[in-house]
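Take a look at the fold below. This report walks through its sheet, one core residue and one helix pair.

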Amino acid sequence: MDTAPVAVVTGAARGIGAATVRRLAAAGWRVVAVDRCADDPGVPYSLATAGELRSLANEYADSVAPVTADVRDQDALDGAVRLAGERFGRLDAAVAAAGVITGGGVPLWETRAVDFTAMFDIGVHGVANLARAAIPAMLGGNGTGTGRFVALASAAGHHGMWRLAGYNAAKHAVVGLIKGLANDLRDTGISAVAVSPGCTRTALLAESARIYDLDDVEAFAAHQLLGRILEPDEVAEVVAWLCAAESPCITGTVVHADGGFVP
């Protein structure tokens, strides 16, 4: 059986998720690339499409398997993990990159509970659902005695952001989930890590600019010590390294791939 490592990546059709798929595939990984591939009535901007996911998979036809699935659907994520085993024979890493931003632009007391629903269901429960699907497969053994679970948090998981209290809360929750998961994985050889990007050139950042009535995402560059917006591939490089065998000592913590973000 091919011993090349295998990963499942959610939020895979564009942004940091797609960049992670490309990074892993270029490094010799086989990847099950998962995305909802449809807009959501609870999200006020367009989400990734089936065409984007197919295009990504076609770049690596022999090593990337596209799966249309919603991270809120536990059965669908279980199926994606099964596909990794059936097609590629193992599972070495899982990357939870699906996330959205909703309900911003007003103070917390003016938001509705429903404004938080998609952020928590996709960005928090979606992480937990992927762990429920992937961790048992990695615990089942892949021949290496190791496994990696990586979740995308955000600089907003460590700072208070003006009129984005719900997004703050959702990303703080991701950090908490990872720290708890890492303790649950004690002595298993499987690590759990969060990656917190700063302002990265994605559709989510474009929506953030709209929330703040900014004409261009470049205005966010002032919040980063690098003095510029990050590119998805820069963050994906960090994620891919955390998936690799060379990162065994990184667990239960956050890697701040944030360009020196300051609120």
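Val6 has Arg30 of strand 2 as its bridge partner. That bridge belongs to a longer pairing: strand 1 (residues 6–10) and strand 2 (residues 30–35) run in the parallel sense and share five bridges. Note that this is a predicted model.

**The sheet**

Seven strands make up an open sheet. Their order is 3-2-1-4-5-6-7, and the pairing is parallel. Strand 3 (64–68) and strand 7 (253–255) are the edge strands, each pairing on one side only. From one strand to the next, the twist averages 20°.

**Helices on the sheet**

Two helices are listed here with the strands they meet.

| Helix | Strands | Angle |
|---|---|---|
| Helix 2 (residues 50–59) | lies across strand 2 and strand 3 | about 165° to strand 3 |
| Helix 8 (residues 232–243) | touches strand 4 (93–96), strand 5 (147–152), strand 6 (190–195) and strand 7 | about 155° with strand 5 |

**A residue in strand 5**

Phe149 sits in strand 5. Is Phe149 buried or exposed? Its relative accessibility is 0%, so Phe149 counts as buried. The cut-off for buried is under 20% relative accessible area.

What does Phe149 touch, leaving aside residues up to four places away in sequence? Its contacts include Ala94 and Ala96. Val127, Leu130, Ala131 and Ile135 are also among them. So are Ile178 and Leu181. Ser191, Ala192 and Val193 complete the list.

Thr251 is 102 residues from Phe149 along the chain, yet their C-alpha atoms are separated by 9.1 Å.

**Helix 1 against helix 8**

Helix 8 also packs with helix 1 (residues 15–26). The angle is about 55°, and the axes are 8 Å apart. Helix 1 is therefore oblique to helix 8. Their crossing is right-handed.

Which residues make the contact? Helix 1 supplies Gly15, Ile16, Ala19, Thr20, Arg23 and Leu24. Helix 8 supplies Pro232, Asp233, Val235, Ala236, Glu237, Val239, Ala240 and Cys243. By type, the residues of this contact divide into nine nonpolar, two polar and three charged.

**In short**

The sheet is open, with parallel pairing. Helix 8 packs on this sheet and also against helix 1. Phe149, in strand 5, is buried.

Notes:
Residues numbered from 1 in each chain as written. Predicted model: local features only at pLDDT ≥ 70, side-chain atom pairs only at ≥ 80, totals over all residues. Heavy atoms only, no water. Pairing = 2+ DSSP bridges. Helix = DSSP H or I, 4+ residues; strand = E, 2+ residues; numbered from the N terminus. Axes fitted to C-alpha atoms, helices over the stretch in contact; angles between N-to-C directions. Contact = heavy atoms within 4.5 Å. Buried < 20%, exposed > 50% of the residue type's maximum accessible area, 1.4 Å probe, protein only. Parallel < 35°, antiparallel > 145°, perpendicular 65-115°, else oblique. Left-handed = near helix turned anticlockwise from the far one by under 90°. Nonpolar A, V, L, I, M, F, W, Y, C, P; charged D, E, K, R; others polar.
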